[in-house]
Amino acid sequence: MRRFVATVIRLSESARLLVHDLIRLLGVLCARRGVAKEVTTRDRDVVSALRSRLADRLGQQRFDLWFGQTTELLLDAEGLAIVGPERMLIEWIRANFHSQIVSTAHSLLKQDVPIRYLVAPAINGDNAANGEAVGGGVQESAGASAASEPNGGVVCPLRLAQSRQEERAADRPSASAGRASMPRRTPAHVGRRFADLRTFVPGQTNRLALTSAEMVVTQSRHMNPMLVHGPTGVGKSHLLEGIWRAVRGSAPRRTAIYLSAEQFTTQFLEALRGAGLPGFRRKYRGVDLLLIDDLQFFIGKRSTQIELLHTVDTLMREGRQLVLSADRPPSELPELGPELTTRLQSGIVCRVELPDLEARRGIVKRWADEMQLAVPDEVVEMIASRVASHARALKGAMCRLQAGSAALGEPVTPMLAAEVLADLFQEYARPVRLDDIEKAVCETFGLSPQSLQADARNRYVSHPRMLAMWLARKHTRAALSEIGQYFGRRSHSTVVAAQRRVDDWMTKGENLRLAQRFVPVDEALRQVERRLCVG
């Protein structure tokens, strides 16, 4: 009996302890559930803040390209996961943006965060249910160095990844109903659309550069290196992108890389800090074609200049093609150092100027075709003659014309174009002054400033002075006496005689000496007017 009572008491005590433990466990579970909700909300806020800071650091355009709708950032108990639709895209992000992701996450969370790179199984059906880890399943920790640059000529893997994804989606049967996966989304078609050489409108100001670009595509060894220089908006980037696109289309086995000088500098510094310099050098010194835009960006960056110099030497020594662009010729870039500038001068240097009237007509017509907009020839002539500027300004005029036509529900007519583009025409109708003409003539003929106001009477100065007076009569409202007074205190009769002399030259097709060659007088006038942006 005593044993029975003792047993009942022990069982009662055990039951009490069991109930107590169950109550405590239930309380803990309830508390954890509440904390989980808070953590989930907090994680979403952290991810949102992380995306915002990455956008500020990388620039909104680069961020949208690589971290837009196709890439997700997920924060969980294991750290931060970068999830994308394609292995190639995720490898590109890891190779190029790992250090920025690590430092941004550390600055936001005040601690090291493990970084994982995963391929979303819902987009790539060949992966496991929890996503495929990039890099052979090796997890990148926050303290790990950035991965080496991938070899080869991959310039924009996002576009290739999307095309491969679409091919697999067309051939792959529908997923089984019982398969766990993320909600399926259609990836946004983002990525840089490279220009085409076939859409480049030729003209007197860019024909040499276009011909040289076409020769580079056919692997002409005499065009190495090739440098295109000129002011903004004249088509330098168009030429470089067109070369890249033509080479990749006609010779897929030739590796080609196109990037800006800013991108080259950024990747070089990241490789330098992250011990990825050997991979960086293999990437850029092992390509068949390297195109670098905006060479002037290297000014003041001595370490990058040295790296670029060795890259140029390696490519030229091995017979690989190099194409660059800048806003000025090598002779006006002494800050890059004599070693680099002399190497650039050893190839072909092409100047591209603002498009002439003929090229502007072609640009307007091309954009009209692109926009599927019916534009009468009279309107084409109006825009080309009154927006005497770069190609971007002409595109802006066409965009405004298309929007105006759609808003008013009317076809494009000269009256509609004059109404819609009135303020734009006013903006580009800058009055030409006498000192503008003097500067343009001196630059065209290679004369020193104010030489047209001197008493020199030799033909090397007197002929350009006559042209300047003729242009002053054409493009300004200055009186004859004012023109004569400006160009060396001459009488109004001298201005009249200069105008008649130039008219006679044009009638007879005379030639004038321009630098080391003779050109027709109308060609000399066109060059001066292009500098004035009125031709």
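This section describes helix α13 and a five-stranded open sheet in a predicted model.

Helix α13 comprises 18 residues, 391-408. The distance from its first C-alpha to its last is 26 Å, close to the 26 Å expected at 1.5 Å a residue. Seven positions of α13 are named as buried, namely A393, L394, A397, M398, L401, G404 and S405. Viewed down the axis of α13, these buried residues fall within an arc of 140 degrees, so they line one face of the helix. The elements that cover them include α11 (357-370) and α12 (377-386), together with α14 (414-420) and α15 (422-428). On the face turned away from the buried side, α13 carries the exposed residues R392, A406 and A407. The helix is followed by G409, which has a positive phi near 65 degrees.

The open sheet consists of five strands in the order β6-β7-β8-β5-β9, and their pairing is parallel. Strands β6 (256-260) and β9 (348-351) stand at the edges; each has a single partner strand, so one side of each is left without a neighbour in the sheet. On average, neighbouring strands of this sheet are turned by 15 degrees against each other, direction ignored.

Within the sheet, β7 (residues 289-293) pairs with β8 (residues 321-326) in the parallel sense over four bridges. L289 has Q321 of β8 as its bridge partner. Helix α7 (residues 261-273) lies across β6 and β7 and runs at about 95 degrees to β6.

Technical notes
Residues are numbered from 1 along each chain as its sequence is written. This is a predicted model: local features need pLDDT of at least 70, side-chain atom pairs count only at pLDDT 80 or more; totals for chains, interfaces and linings use all residues. Side-chain values use heavy atoms; hydrogens and water are left out. Helices (H or I, at least four residues) and strands (E, at least two) are DSSP runs, numbered from the N terminus. The expected span of a helix is 1.5 Å times one less than its number of residues. Buried means under 20% relative accessible area, exposed over 50%, partly exposed in between (1.4 Å probe, protein chains only). The arc is that of the directions from the helix axis to the C-beta atoms. Contact means heavy atoms within 4.5 Å. Two strands pair if DSSP finds at least two bridges between them. Axes are lines fitted to C-alpha atoms, for helices over the stretch in contact, and angles run from 0 to 180 degrees between N-to-C directions.
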